[in-house]
Amino acid sequence: MSIPFLDMKSPYLELKKELDEAYARVMSSGWYILGKEVESFEEKFAYYCGVKYCVGVGNGLEALHLALRGYDIGAGDEVIVPANTYIATWLAITYCGATVVPVEPDWGSYNIDPDRLREALTPKTRAIMPVHLYGMPADMNGIMEIAEEHGLKVIEDSAQAHGARYKGQRTGSLGHAAGFSFYPGKNLGALGDGGAVTTNDPDLADRVRALRNYGSERKYYNRYKGFNSRLDELQAAFLRVKLDKLDEWNQRRRRVADLYFEGLTDCEELILPLVPENVEPIWHLFVIRHRDRNALQKKLAQAGIGTLIHYPIPPHLSEAYREMGRKKGAFPISEELAETVLSLPMGPHLTKDQVADIIEQIRA
């Protein structure tokens, strides 16, 4: 049985009628940028996340970037960020001219460790950008406590956590603002690129709306040196359709995760994900660890099972950040994770038979 890491066709086929109708509606409207589809999605997604405001933007990186810009974070400021994350989280900070301050994760959730975070504070710290990695919410109580003590902004990187809950509250509503990605492979994915900022701060929402559109609050009157970063009408229409399915699809992912736990828990050579108390993940990724990860990945590929590595190179060891001068050994937890993690197939359209085959091949 050939099992791809990610099935991109089945979500469309399940919602083909509704998505095709959304396409036809937008194409026949004659309005393709910042119209009623975007406004409707923004309202719908804000309600879903439990916040007052949502601002659609071009992609997830720009959502984080514009949220930072909206809070006037820039040169001379420091932003604390996980050492163990996709590089986009760091890039958003760099684009503002601010300084990235990496902090190691804890071994359980692979998310930023609030105790180590506290040790990284300096008089220049302006914000914290926690990542809900793999769809697992970070320890937001610990993070918000530190932020409130020191007057810091908290901007969630929720790119992988659409619908996840921490103590009953959805990600995207836990900090002062959040950035979402709607890249096609996300739990809530467009059929192209897209992103959004969510917040309860009306001033930030207004500023991000202007920043995404050349810094203009009304045409030709430019208040800020802004950007061109707009969620388009077509993608917003598709996202409106798929948002109605998000909770159901997340629940299907949970059933897949349960099957993995049932089938792999007694495999002594594997380290399975740990779900902290009061956390409801949405399993954007199901990530295991193995000391000989590359050999395991090769064997699974030979059996027709697709896997990926999220992420093989920590940002501090990438060529993009070589000017930081951080050598191997600087962040040993993140480096060990990069060398041992392996993401198994995950998605709402995986069948029980497919999961059983994956488990059988891993056990073999």
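Leaving aside neighbours within four places in sequence, which residues is Tyr260 in contact with? They are Thr265, Phe286, Leu344, Pro345, Met346, Leu350, Val355, Ile358 and Ile359, where contact means heavy atoms within 4.5 Å. Keep in mind that this is a predicted model, where local features need pLDDT of at least 70, side-chain atom pairs count only at pLDDT 80 or more, and totals for chains, interfaces and linings use all residues. Residues are numbered from 1 along each chain as its sequence is written, and side-chain values use heavy atoms, with hydrogens and water left out.

**Nonpolar cores**
- The largest nonpolar core (buried Ala, Val, Leu, Ile, Met, Phe, Trp, Tyr and Cys residues joined through side-chain atoms within 4.5 Å; buried is under 20% relative accessible area, with a 1.4 Å probe and protein chains only) has 54 residues.
- Ile80, Ile128, Tyr260 and Leu264 have the most contacts inside it.
- Elements giving this core two or more residues include α10 (246-264) and α13 (352-363), and α7 gives the most, with 5.
- There's also a second, separate core of 29 residues, with Leu64, Val81, Ile93 and Val197 among them.

**Where α4 meets α8**
- The axes (lines fitted to C-alpha atoms over the stretch in contact) of helix α4 (residues 60-70) and helix α8 (residues 202-211) come within 9 Å and cross at roughly 120°.
- That makes α4 oblique to α8 (oblique covers angles that are not under 35, over 145 or 65 to 115 degrees).
- On the α4 side you'll find Leu66, Ala67, Arg69 and Gly70, which meet Leu204, Arg207, Val208 and Leu211 in α8.
- These contact residues divide into 5 nonpolar, 1 polar and 2 charged.

Notes:
Axes are lines fitted to C-alpha atoms, for helices over the stretch in contact, and angles run from 0 to 180 degrees between N-to-C directions. Helices (H or I, at least four residues) and strands (E, at least two) are DSSP runs, numbered from the N terminus. Ala, Val, Leu, Ile, Met, Phe, Trp, Tyr, Cys and Pro count as nonpolar, Asp, Glu, Lys and Arg as charged, and the others, Gly among them, as polar. Buried means under 20% relative accessible area, exposed over 50%, partly exposed in between (1.4 Å probe, protein chains only).
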